[in-house]
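Thanks for asking me to look this one over. Here are my notes, set out point by point so you can follow along in your viewer.

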Amino acid sequence: MHVSHLTLHDFRSYASAEVALEPGATAFIGRNGQGKTNLVEAVDYLSRLSSHRVASDAPLVRAGADQAVVRAAVVRDGRTAVLEIEINPGRSNRARVNRSPLPRARELVGLVRTVVFSPEDLVLVKGDPSDRRRFLDDLLVLRTPRLAGVRADYDRVLRQRNSLLKTAGQARRGSSSQEGALATLSVWDDHLTRTGAELLSERLGLVEALRPYVARAYETVARGAGRDDAHLEYRPSLEIGAASSIPDLTALLLAEVERRRGEELDRGVSLVGPHRDDLLLSLGHGAPGPTPAPAGPDAEPVDPEAPAPPPPRLPVKGYASHGESWSFALSLRLASYDLLRDDGDDPILILDDVFAELDTERRDQLADLVAGAEQVLVTAAVAADVPAALAGVRYLVGGGEVRREP
Ligand SMILES: Nc1ncnc2c1ncn2[C@@H]1O[C@H](COP(=O)(O)OP(=O)(O)OP(=O)(O)O)[C@@H](O)[C@H]1O
C-alpha cells in the first residue's frame, strides 16, 4: 500500500499542507525543527491513531487551534480510499472513509499500516516494560484490527477496577462495610481476567510469530551476529506454564487475582494481568562465562576435549552496548515489517531521522533492506545522510512549506 496524497489542517506546525506522494522512496529534507517529522507523524497517526512521539493528542493540534485534520488518499491493490481523522483533544476524534463517517474512530485502524523507525526506538530496549507492551499491542492491532477493541476494553476495565480497589481498600482501613464494594469487585475481576486473557493469549502468539523474524533481522543488522543471538521471551505477571488458550489463561488469572486480593486492596491497584507483563529481550553472545571453580586437591579433572560451555544469554537492558541496543531496536522494527509483509500487505515504512544515528555501513545496510518496500518515507536534516538506495523523490521542508525538488 502507499499514500498518494496527504492533506493537513492545523496539524502540529502546519496551518495547512498538501503533499503529493508516490510509491518508492520519498525523502523530506530540511533543517532541524522545520516540520519534517510532523509530516510522517501524520501518516503514522492515521495508521494507529496514536503518535510515536507523544502519548496524548493535544500536542498534535497546532497551538491556538481547536482541532487538527489529517486526510490521506491510500492506494491498496490499485484501489484508492480517502481516510480522514479529525483530532479533537479532550473530546472524541471523528473518522471518515471516502467522506462517510465511521461509527467509532478506532475503526480506521488497520486501513493504512505503517512501521516507523525513529531514534525513540531505543526505548523499546532501554525503556520501561510499558514501552515494550505498547510495541506488542500496536503490532497486534495492525495485524488484527479487531483487537483495538479488546485493548481499549482492557484499559477501561483496569481503570474502573483500580478505582474500585481504592474505594474498597479505604473502606477496609476505615473499618466501614466493604461488602458492596467487594461484590462489585468480583464482577470486575471477571471482566479483567476475561479481557486480560484474550490480550495475553494474543501477545503470546505474537511473540512466537515474531521470534524467528527478530533473530533473522538481528543477524542481518548486527555485524558478526549469528542466527541464534537475539531472543525474545514474553514474561507474564504470573506463572502460566504452557497455557496459551483464553479459557486456561482466564482461570489462571482469576486464581491469581483471588490469591492477591489482600495485597491489591492494600495498594489500591490491580497487580495481576497483562498490564504488568514484560517482553524480555536478550542476546546470547559477547558475555563472559561463569567464573571457573578454583583448582584444588578435590577438583574435578578438566577434560581438554570437552566442548566449551555456551556463553550465557544476557538481557539487553542493562547489559548490551549502545550499538547492540540500537541493532536490537532496529531488528524489532524490521521484524515487524517483515511479519506484516508476510501477512500479505506491504506496510508503509517511515524512517524518521534514523540515518544520522548510524555509521555509513549500517546506513547502507538498512537502506538495502528496506529499499524494496512499496513506499518508504524518510526524514533527514542533511541530504547526504540519505543512502543512495533511497534516493527517490525529494522534498525540501522549511518556513512552513513543503516543496518538491525538481
Ligand atoms: N502543536 C504544535 N503547534 C505548533 N507548532 C508545533 C506543534 N508541535 C510541534 N510544533 C513545532 O514543530 C517543529 C518541530 O517539527 P518536527 O519535529 O517535524 O521537526 P523536524 O524538521 O523533524 O526537526 P528535526 O530534524 O530536529 O527532527 C518545532 O518547531 C515545534 O515547535
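1. A definition to start with: two strands count as paired if DSSP finds at least two bridges between them. With that in hand, look at His231, which stands opposite Ser282 in strand 10. Please keep in mind throughout that this is a predicted model.

2. Which strands does the pairing of His231 and Ser282 belong to? Strand 9 and strand 10 (residues 278-283) run antiparallel to each other and are joined over six bridges. They belong to an open sheet of three strands, in the order 9-10-11, with antiparallel pairing. Strand 9 (230-235) and strand 11 (314-315) form the edges, each pairing on one side only.

3. Now for the overall layout. The protein is divided into domain 1 (1-113 + 347-406) and domain 2 (120-290 + 309-344). Taken over C-alpha atoms, the centres of domain 1 and domain 2 are separated by 28 Å.

4. How many residues of each domain are in contact with the other? On the domain 1 side there are 13, and these are in contact with 15 residues of domain 2. Helix 9 (residues 360-370) supplies the largest share of the domain 1 side, namely three residues. By class, that side of domain 1 divides into five nonpolar, three polar and five charged residues.

5. The largest nonpolar core deserves a look too. It has 103 residues, and Val43, Val70 and Val378 touch the most other members. Helix 5 (residues 179-221) gives the largest share of this core, with 12 residues. Why does the core lie between the domains? Domain 1 and domain 2 both give residues to this core, so it lies between them. As background, nonpolar side chains in soluble globular proteins tend to be buried together.

6. Val378 is a good residue to click on. Setting aside neighbours within four places in sequence, Val378 is in contact with Ala25, Thr26, Ala27 and Phe28, and also with Leu351, Val386 and Leu390.

7. Finally, the ligand, which I suspect you will want to open anyway. Its surroundings comprise 17 residues, of which the closest are Ser13, Asn32, Lys36, Thr37 and Asn38. Which helix gives the most to this shell? That is helix 1 (residues 36-48), with three residues. Sorted by class, the shell around the ligand holds four nonpolar, nine polar and four charged residues.

Conventions
Residues numbered from 1 in each chain as written. Predicted model: local features only at pLDDT ≥ 70, side-chain atom pairs only at ≥ 80, totals over all residues. Core = buried A, V, L, I, M, F, W, Y, C linked by C-beta atoms within 7 Å. Buried ≥ 20, exposed ≤ 12 C-beta atoms within 10 Å, placed from the backbone. Helix = DSSP H or I, 4+ residues; strand = E, 2+ residues; numbered from the N terminus. Domains from an automatic or database assignment. Contact = placed C-beta atoms within 7 Å. Nonpolar A, V, L, I, M, F, W, Y, C, P; charged D, E, K, R; others polar. Near = placed C-beta within 6 Å.
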